[in-house]
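Please open the model in a viewer and keep the sequence panel visible. The stops below are given in the order in which they may be selected.

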Amino acid sequence: MIILKTAKELDIMKESGKICSRALKEAGKAVEPGVSTEKIDEVVRKYLKSQGATSSSLGYSGFPKNCCISVNNEVIHGIPSADRIIKSGDIVSIDICSKFKGYHTDNAYTFECGDVSENAKNLLKATKESLFEGIKVAKAGNRIGDIGHAVESYVKAHGYSVVRDFVGHGVGVELHEDPSVPNYGLQGHGPRLMPGMTIAIEPMINEGSGKVSVLKDEWTVCTLDGKLSAHFEHTVAITPNGPVILTDPS
C-alpha cells in the first residue's frame, strides 16, 4: 500500500531530510586516507544524536551499525569496521537512513578519497547525473517506470550497468514502503506517481556487469566481476508543482 503524506507530514519529512543530508555531509568530510569506516559511522551517530534524530539502519533486520559504508567494488550495505581502513584512490559510498519525529528519510553519496582514477571519476559523475535524470521525471501523472527508464537509459549510454537485484523504495512512516523504485523500467508502466508520495530514488551503477553477490556477512553486496560500483540517493516528494528533494542540506 502506498502511503500518501499530508502537507504537515511533508514539512516534518523536510526537517528529517535536512538532518539526514547534513549527517551525510559530515560523514563525507571524514573520508580521508587512514580513516576506518567505523570512525565515519561514529561521526554519523554523533551528528544524528546532536539533532535529536536516530539511525534507521541500526538494528534494522539485525544490521549492527548506524550507516552503510561500501568501498570500491562494494555496491551497498557495507558494515563499518575498525579493520576497514580507507586508502587514497578509494571510492566510498555512504548510505544514511535516519528517523526524526517519527519519519524516515534516506540518502547516499559516493565520495572520492584522495587521488582516484579517471575511470572512477567518470563512473561517479554518470551515476550522480543519472539520479537527477530520474528525479526530473518524478512528476505527478508519470509512472514509476519512467524513473527507472530515465536512469538506465542515461547510464547505458555511458557504458555502465544498472544493478537489478536491489531497488529504491517508498519511505516515510516506515523505512521501506511501497512502491519499489527500480533503476530500470519501461516508460508509461508501473504505479502512477501522485502528490503526497515520498520515494527514495537510488541508482546503484556498476562499471562492468550489473550482476552482484552477497558476502558471508550476509549484508555486503559486491560486484560479481570485482569492478567498481557507485551509489547516489535522494528522498523525493511528489508534489503538484514537481519533484521536491527532501534530503537537500541547504
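Begin with helix 3, residues 118–136, in this predicted model. With 19 residues at 1.5 Å a residue, helix 3 should span 27 Å, and the distance between its end C-alpha atoms, 27 Å, agrees with that expectation. Next, colour helix 3 by burial: the buried residues are Ala-120, Leu-123, Leu-124, Ala-126, Thr-127, Ser-130, Leu-131, Gly-134 and Ile-135. When reading such a pattern, recall that an α-helix has 3.6 residues a turn, so residues three or four places apart point the same way.

Turn now to the aromatic side chains. How many aromatic pairs does a search of the whole structure find? The search returns 3. Select Tyr-109 and Phe-111 for one of them: the ring centres are 4.7 Å apart and the planes stand at 40 degrees, so this pair is classed as tilted. Keep Tyr-109 selected and add Phe-232; here the ring centres are 4.8 Å apart and the planes meet at 70 degrees, so the arrangement is edge-to-face. This second pair links distant parts of the chain, since Tyr-109 belongs to strand 5 (residues 103–112) whereas Phe-232 sits in the loop between strand 13 (229–231) and strand 14, 123 residues apart. Shown together, Tyr-109, Phe-111 and Phe-232 make up one aromatic cluster.

With the cluster still displayed, compare the accessibility of its members. Tyr-109 is partly exposed, at a relative accessible area of 30%. Phe-111 counts as buried at 16% relative accessibility, and Phe-232 is likewise buried, at 2%.

From Phe-232, continue along the chain into strand 14 (residues 234–239) and then strand 15 (residues 242–245), which pair in the antiparallel sense over 4 bridges. The connection between strand 14 and strand 15 is a hairpin of 2 residues. To see one of the bridges, select Thr-239 together with its partner in strand 15, Gly-242. As a guide to viewing side chains here, in a regular strand they alternate between the two faces of the sheet.

Go on to Thr-247, in the segment after strand 15. Is Thr-247 buried or exposed? Thr-247 counts as buried, with 0% relative accessibility. Display the side chain of His-234 as well: a polar contact of 2.8 Å joins it to the side chain of Thr-247. Then show the backbone of Thr-235, whose nitrogen lies 3.0 Å from a polar atom of the Thr-247 side chain.

For a separate stop, select Arg-164 and Tyr-184. Arg-164 lies over the face of Tyr-184, 4.1 Å from the ring centre.

Finish with the cysteines. The structure holds 0 disulfides. Why is Cys-20 not bonded to Cys-97? The Cys-97 sulfur is the closest cysteine sulfur to that of Cys-20, but at 6.6 Å it is too far for a bond. Now select Cys-68: its closest cysteine sulfur is also in Cys-97, and the separation of 6.4 Å is again too far for a bond. As for accessibility, Cys-20 is buried with a relative accessible area of 0%, and Cys-68 counts as buried at 7%.

Note on methods. Residues are numbered from 1 along each chain as its sequence is written. This is a predicted model: local features need pLDDT of at least 70, side-chain atom pairs count only at pLDDT 80 or more; totals for chains, interfaces and linings use all residues. Side-chain values use heavy atoms; hydrogens and water are left out. Two strands pair if DSSP finds at least two bridges between them. The expected span of a helix is 1.5 Å times one less than its number of residues. Buried means under 20% relative accessible area, exposed over 50%, partly exposed in between (1.4 Å probe, protein chains only). Rings of Phe, Tyr and Trp (its six-membered ring) pair if their centres lie within 6.5 Å; planes under 30 degrees apart count as stacked, over 60 as edge-to-face and the rest as tilted. A charge sits over a ring if NZ of Lys or CZ of Arg is within 6 Å of the ring centre and within 35 degrees of the ring normal. A disulfide is a pair of cysteine sulfur atoms within 2.5 Å. A polar contact is a pair of N or O atoms within 3.5 Å; within protein, one must be able to donate a hydrogen and the other to accept it, and residues adjacent in sequence count only if both atoms are side-chain atoms.
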